[in-house]
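Subject: Structure handover

Hi,

Here is the structure I promised to pass on. Please open it first, then read the notes below.

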Amino acid sequence: MSLLDIAFLEEKYTTVKENTIHGKWVKLEDIKPLYNTLDVSITKELLGLSEQGREIYKLKLGTGAKRILIWSQMHGNESTGTKAVFDFLNFIKKNIDNEIIKTIYANCTIEIIPMLNPDGALAYTRVNANHVDLNRDAVALKACESKLLRNELDKFNPQFCFNLHDQRTIFGVKNTKNPATISFLAPSEEETREVTEGRKKTMNVIISMNELLQKIIPNHIGRYTDEFYPTATGDNFQKLGHNTILIEAGHYPNDYDREEVRKFNFYALLQGIYHIAINTDFKIFKPYFNIPNNVKSFFDVIHRYKNKKDKGFLYVDNIIDNQLISKLEEKEIEDLNAQFGHIEIVFED
């Protein structure tokens with residue numbers, strides 16, 4: 001597979017990282033000014049309004065036949081993908097004459113919804129203002145945000161979709177002591193989890209992204225279980241024939257603000273889009289199953305004791321006085337011997 005040059009990416013990233021947005025709490029007011037700084041080749045359109053009347057924008061770029069739809073922050077408190085999207089948009093602006101961008105523009109037409117759930121983003125919640133999980137609303141379409149996404153899907157008719165999420169710090173890579181920094185999923189289309197032709201194409205793109213990341217953060221990439229969720233967005237879009245790639249941004253050592261992880265997310269996104277742009281054959285899929293599974297193997301902090309029960313703690317995020325505050329809370333678990341801590345403290349009894 002054709003992989004992007006890592007040295008080139010590392011060199012360019014310092015110039016394209018969008019430093020006006022950072023940390024985990026990213027709101028509509030943080031990204032709205034950035035819509036006025038896009039490259040002239042990128043168009044902006046008001047797609048609609050959220051339940052509380054906040055703007056949901058759609059960006060469009062490229063002129064090619066391959067249609068790609070990307071959305072982020074359908075869960076309001078999962079912002080790493082949004083940061084990666086704006087890094088990608090900066091990469092376009094500052095490298096518009098680069099062969100990578102020329103190839104993408106010539107072969108793809110891309111629509112991006114950088115923040116699908118602005119109400120949830122402001123409240124720093126997974127759900128929308130009416131407490132609807134948009135990622136479980138693909139069938140009922142109770143939320144106006146879900147309807148906007150589905151309407152755009154039907155109108156644009158993309159061959160590929162990128163569904164950008166964050167995963168919790170509890171996930172590790174099976175058979176390693178590493179956190180799952182980036183995880184992927186090619187969603188199932190029904191309960192048997194059959195590897196359909198559409199899923200093969202989704203897996204093929206994921207293989208490309210995984211190969212790139214393994215060269216940068218080896219053994220930090222996981223694969224989500226492909227259990228079928230009848231109401232989930234990715235599962236239903238895949239079922240409808242829109243090959244949907246789920247990217248989950250996770251934890252990297254000492255990176256609770258996910259500023260390093262956004263870089264890896266950006267690399268994966270760019271590699272995935274470039275792979276789609278340059279390929280006509282998406283048949284190779286079996287290496288997808290070589291990506292280790294995600295496992296729940298981590299606590300944020302573990303207190304280890306020699307002669308009494310260990311204690312495990314996880315950070316809980318809350319908005320207090322207009323600030324995001326992360327506080328450790330102890331979680332009851334019978335045996336922590338098989339668990340790892342992102343930080344482990346050993347106490348003498």
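What volume does the largest pocket have? About 1,100 Å³. Please keep in mind that this is a predicted model.

Pockets

The largest pocket is lined by 42 residues. Closest to its centre are Glu-78, Arg-126, Asp-166, Gln-167 and Arg-168. By class, the lining splits into 15 charged, 14 polar and 13 nonpolar residues. Several elements supply at least two lining residues each: α3, β5, α8, β9, β10 (294-296) and β12 (311-320). The largest share comes from β12, with 4 residues.

The second largest pocket has a volume of about 240 Å³. Its lining counts 14 residues. His-22, Gly-23, Lys-24, Trp-25 and Leu-324 are the closest to the centre of this pocket. Here the classes are 6 nonpolar, 4 polar and 4 charged.

Cavity

How many cavities of 30 Å³ or more does the structure hold? There is 1. About 50 Å³ of space lies in it. The lining of this largest cavity consists of Met-74, Leu-134, Asp-137, Ala-138, Leu-141, Ser-146, Leu-149, Arg-150, Thr-233 and Phe-237. By class, that gives 6 nonpolar, 2 polar and 2 charged residues. Two helices, α6 (144-156) and α8 (233-239), each supply at least two of the lining residues. The largest share is that of α6, at 3 residues. Helix α8 also supplies at least two residues to the lining of the largest pocket.

Sheet

Now the strands. An open sheet is formed by 8 of them. The order is β1-β2-β4-β3-β5-β9-β7-β8, and the pairing is mixed. Which strands sit at the edges? They are β1 (43-49) and β8 (221-223), and each pairs on one side only. On average, neighbouring strands are turned by 20 degrees against each other, direction ignored.

One pair to look at is β7 (residues 182-185) with β9 (residues 243-249). The two run antiparallel and pair over 4 bridges. Ile-182 stands opposite Ala-249 of β9. Strand β9 also contributes at least two residues to the lining of the largest pocket, as does β5.

Helices on the sheet

Two helices lie across strands of the sheet. Helix α4 (residues 99-107) lies across β2 (55-61), β3 (66-72) and β4 (108-113). Its angle to β4 is about 95 degrees. Helix α9 (residues 259-278) lies across β3, β4, β5 (160-166), β7 and β9. It runs at about 165 degrees to β3. Strands β3 and β4 thus appear in both lists.

Helix against helix

How do α1 (residues 6-16) and α3 (residues 80-94) cross? Their axes come within 9 Å and cross at roughly 100 degrees. Angles of 65 to 115 degrees count as roughly perpendicular, so α1 is roughly perpendicular to α3. From α1, the contact uses Phe-8, Lys-12, Tyr-13, Thr-15 and Val-16. From α3, it uses Asp-87, Asn-90, Phe-91 and Lys-94. These contact residues divide into 4 nonpolar, 2 polar and 3 charged. Helix α3 is also one of the elements that supply at least two residues to the lining of the largest pocket.

Best regards

Conventions: Residues numbered from 1 in each chain as written. Predicted model: local features only at pLDDT ≥ 70, side-chain atom pairs only at ≥ 80, totals over all residues. Heavy atoms only, no water. 1 Å grid on protein atoms, 1.4 Å probe; cavity = no way out; pocket = protein on both sides within 12 Å on 5 of 7 lines; lining within 4 Å. Points joined across faces, edges and corners; volume = space filled by probe spheres on them. Nonpolar A, V, L, I, M, F, W, Y, C, P; charged D, E, K, R; others polar. Axes fitted to C-alpha atoms, helices over the stretch in contact; angles between N-to-C directions. Parallel < 35°, antiparallel > 145°, perpendicular 65-115°, else oblique. Contact = heavy atoms within 4.5 Å. Pairing = 2+ DSSP bridges.
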